[in-house]
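Work through the exercises below with the model open. Try each task before reading its solution.

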Amino acid sequence: MEKLFVKGGTPLKGKVYISGAKNAAVAIIPAALLSDGICRIENIPNIADVTVLLQMLKGLGASVKYVNKSTVEIDPTGVNTHIVPYEMTRKTRASSYFMGAMLGRFKKAKVALPGGCDFCARPLDLHEKGFAALGADVEKDDGMLDLKADRLVGTSIYLDTVSVGATINIMLAACKARGRTIIENAAKEPHIVDLANFLNSMGADIKGAGTDVLKISGVSHLGSTTYSIIPDQIEAGTYMVAAAATGGDVKIKNVIPKHLESISAKLIEAGATVEEGDEFVRVYRKGELRKCNIKTQPHPGFPTDMQPQMVTLLSIANGTSMVTEAVWDSRFKYVNYLDRMGAKIKVDGKVAVIEGVDKLKSAPVKADDLRAGAALIIAGLIADGTTQIENIHLIDRGYEDYVEKFTALGADIERINIPDSNIADSVG
Ligand code: EPZ
């Protein structure tokens, strides 16, 4: 088993280049199924979730060719099945986007319910409601969602909860429906806008992306495109927090600073300095960290995918902070490991109360999901001693070359293969 060894105490310094956005890539890859031609996708991140989705496309009959490390060409015309089995969907949540893409393309889809990060229950009822509103029969059969429509017809859909996944899945199917679909209370995340831009570059007619009303006029044909994925907001945010937490000075390049505003605002409140340039942000901290309160929200609010990293930073801030998780029912499982490292955090349902301590101390810990893993790396960087992190395949899902990137910033971080008999027991 591979483990990460992080020796703390070094302030991060230097430059880091941010890769393409995971949550845009994992929607754009299934969306390529809707094309009648070749999709050349640039700035694609080299992460496990992307590998899994590209393998799925290949397994279904598409041709997938890497032109270079960050550019891939997908020709989906060879796909002639609408069935996606559990062996394909179990590794990533984003495989659910094959539902909307297949339904749009074939007017039918039978896709196994997905696996992926399971920090709490992740229902698909809004996705199903959207498919049904477009005219599909929706049934569950043997762990698969079975969708069938004689034809898809545009309609108005109101999402009871702002959902990234439901907005994406409905957008994918509605692109090829007859007439106009309106999604109200749609998600506004940067990756929603990126997916809409990708689909529009193939010939779709989607307006309003980035607002809470999306208008999608169906078209009969989507063609070839060349498209470059936006930089990853959460990868950038993770390095920003790591810079501030370690008292370092890092220039984070290849970012869209507008996407980082909610993160910058909270880092400044917590005592860091954030300077913005055209395509970079510089984060440094000279003084002490201060308490601050945070509530996660759909975009443009503070992203839930940055919550574990910020809680880790606040664990060594002066004073008592309160962090409310308002997107997911609960997302604080990782706190057990921070406590093990000496943090003082009390969780009550959706709220964590963090009493700042002087320092964390190393311990053997385990990544229970992708962002929990990122938070534990930051914990290791600020702790005394060497923290060992297990389950790092979950970090590989969403962070490209993180060991190399942190090492280039001066971190003492190493990935080591440990024979199973030498592995220490972990909590949880
Ligand atoms: C996406 O998940 C992201 N994943 C998540 O990032 C992110 O945490 C989340 O959006 C919120 O920003 C991808 O983009 C692949 P939702 P998704 O549907 O689409 C409720 C990461 O670490 N809901 O926006 O699954 C749901 O329970 C991952 O990169 C329903 O009630 O999230 C939650 O409370 C983890 N019914 C809220 O909506 C539904 O049918 C938001 O979920 C769907 C969702």
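A pocket is an open set of points on a 1 Å grid over the protein atoms alone, with protein on both sides within 12 Å along at least five of seven lines. A molecule sits in a pocket if more than half of its atoms lie within 2 Å of its grid points. This is a predicted model: local features need pLDDT of at least 70, side-chain atom pairs count only at pLDDT 80 or more, and totals for linings use all residues. Residues are numbered from 1 along each chain, and side-chain values use heavy atoms, without hydrogens and water.

**Exercise 1.** Place the ligand in the protein.

*Solution.* Start with the space: the ligand takes up the largest pocket. Next, the domains (bounds from an automatic or database assignment). Domain 1 (2-18 + 233-422) and domain 2 (22-228) both give residues to the shell, so the ligand lies between them.

**Exercise 2.** Describe the shell around the ligand.

*Solution.* Count residues with a heavy atom within 4 Å. There are 23, and D125, S163, V164, D305 and V327 come nearest. Then sort them: 11 are nonpolar, 6 polar (Gly among the polar class) and 6 charged.

**Exercise 3.** Find polar contacts to the ligand (N or O pairs within 3.5 Å).

*Solution.* Take side chains: a polar atom of D125 lies 2.7 Å from a ligand nitrogen. A polar side-chain atom of K22 is 3.1 Å from a ligand oxygen. Now the backbone: an N or O atom of V164 lies 2.7 Å from a ligand oxygen.

**Exercise 4.** Locate the cis peptide bond.

*Solution.* The bond joins H299 and P300, with omega about 10 degrees.

Notes: A polar contact is a pair of N or O atoms within 3.5 Å; within protein, one must be able to donate a hydrogen and the other to accept it, and residues adjacent in sequence count only if both atoms are side-chain atoms. On a 1 Å grid over the protein atoms alone, a cavity is a set of points where a 1.4 Å probe fits but cannot get out, and a pocket is an open set with protein on both sides within 12 Å along at least five of seven lines; lining residues have an atom within 4 Å of a point.
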